[in-house]
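The following exercises are to be worked with the sequence and the coordinates at hand. Each task is followed by a solution in steps.

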Amino acid sequence: MNTLSLVVVVVQVLAALAIIGLVLLQHGKGADMGAAFGSGASGSLFGATGSSNFLSKSTAVAAAIFFVATLGLAFIGNHRVSQSGGVMDNLPVPAAAPAATSQAAPAAPAADAAKPADASNQIPK
């Protein structure tokens, strides 16, 4: 895997984790009723409406980063140089075998080659 695709994958994973965290921090539309019964701590950090605007904008930015990283990975994956042939074609070529020396087996005698083939020896018994 080349360095560019590794960086894009890391950015995509971080953006996905940021989206997960930001979505879990947001309150749903029914959270106002729960805040009326004593859990009104949502207005302490960002203000009464500031948290929804800040978190929703941050989620939108993280989602945009995630989508750009996904498109980048698709672009990188589609524009790789494909090698022709299969996996076995890309193996290194082994060195040539050394030439045969005088230790090679002697050739069959010429008299055996001149004999006609005996058909009775070839029939299974």
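**Exercise 1. Ala16 and Val13**

At 24% relative accessibility, Ala16 counts as partly exposed. The model is a predicted one.

Task: Determine where Ala16 is placed, and how far Ala16 and Phe67 are apart in sequence and in space.

Solution.
1. Ala16 has its place in helix α1.
2. In sequence, 51 residues separate Ala16 from Phe67.
3. In space, the C-alpha atoms of Ala16 and Phe67 are 9.8 Å apart.

Task: Decide whether Val13 is buried, partly exposed or exposed, and name the nonpolar surface patch that includes Val13.

Solution.
1. Val13 is also a residue of helix α1.
2. The relative accessibility of Val13 is 44%. Buried requires a value under 20% and exposed a value over 50%, so Val13 counts as partly exposed.
3. Val13 belongs to a nonpolar patch on the surface together with Leu6, Val10, Leu14, Leu17, Ile20 and Leu24.
4. The accessible area of this patch is about 690 Å² in total.

**Exercise 2. Helix α1**

Task: Test whether the distance between the end C-alpha atoms of helix α1 agrees with its number of residues.

Solution.
1. Helix α1 covers residues 3-25, which is 23 residues.
2. At 1.5 Å a residue, the expected span is 33 Å.
3. The end C-alpha atoms are 33 Å apart, so the two values agree.

Task: List the buried residues of α1.

Solution. The buried residues in α1 are Ser5, Val8, Gln12, Ala15, Ile19 and Leu22.

**Exercise 3. Ser5**

Task: Describe the surroundings of Ser5, a residue of helix α1.

Solution.
1. Ser5 has a relative accessibility of 2%. Because this value is under the 20% cut-off, Ser5 counts as buried.
2. The side chains of Ser5 and Asn2 make a polar contact at 2.8 Å.
3. Once residues up to four places away in sequence are set aside, Ser5 touches Leu73, Ile76 and Arg80.

**Exercise 4. Thr59**

Task: Locate Thr59 and establish which residues it contacts.

Solution.
1. Thr59 is part of helix α3, which comprises residues 50-78.
2. With 14% relative accessibility, Thr59 counts as buried.
3. A polar atom of the Thr59 side chain lies 2.7 Å from the backbone oxygen of Leu55.
4. Apart from neighbours within four places in sequence, Thr59 is in contact with Leu22, Val23 and Gln26. Of these partners, Leu22 is among the buried residues of α1.
5. Thr59 and Ile20 are 39 residues apart in sequence, while their C-alpha atoms are 8.9 Å apart.

**Exercise 5. The whole protein**

Task: Summarise the secondary structure, the burial and the contacts of the protein.

Solution.
1. The protein has 4 helices and 0 strands, and its pattern along the sequence is α-α-α-α.
2. Of its 125 residues, 10% count as buried.
3. Among contacts with a separation of 6 or more, 86% join residues 24 or more positions apart.
4. The accessible surface is about 10500 Å². Carbon and sulfur atoms account for 68% of that surface.

Terms used
Residues are numbered from 1 along each chain as its sequence is written. This is a predicted model: local features need pLDDT of at least 70, side-chain atom pairs count only at pLDDT 80 or more; totals for chains, interfaces and linings use all residues. Side-chain values use heavy atoms; hydrogens and water are left out. Helices (H or I, at least four residues) and strands (E, at least two) are DSSP runs, numbered from the N terminus. The expected span of a helix is 1.5 Å times one less than its number of residues. Buried means under 20% relative accessible area, exposed over 50%, partly exposed in between (1.4 Å probe, protein chains only). A polar contact is a pair of N or O atoms within 3.5 Å; within protein, one must be able to donate a hydrogen and the other to accept it, and residues adjacent in sequence count only if both atoms are side-chain atoms. Contact means heavy atoms within 4.5 Å. Patches are made of residues with over 30% relative accessible area and no salt bridge: like charges are joined within 9 Å, nonpolar side chains (Val, Leu, Ile, Met, Phe, Trp, Tyr) within 5 Å. Accessible areas come from the Shrake-Rupley method with a 1.4 Å probe; for residues, only the protein chains shown count as cover. A salt bridge is a side-chain nitrogen of Lys or Arg within 4 Å of a carboxyl oxygen of Asp or Glu.
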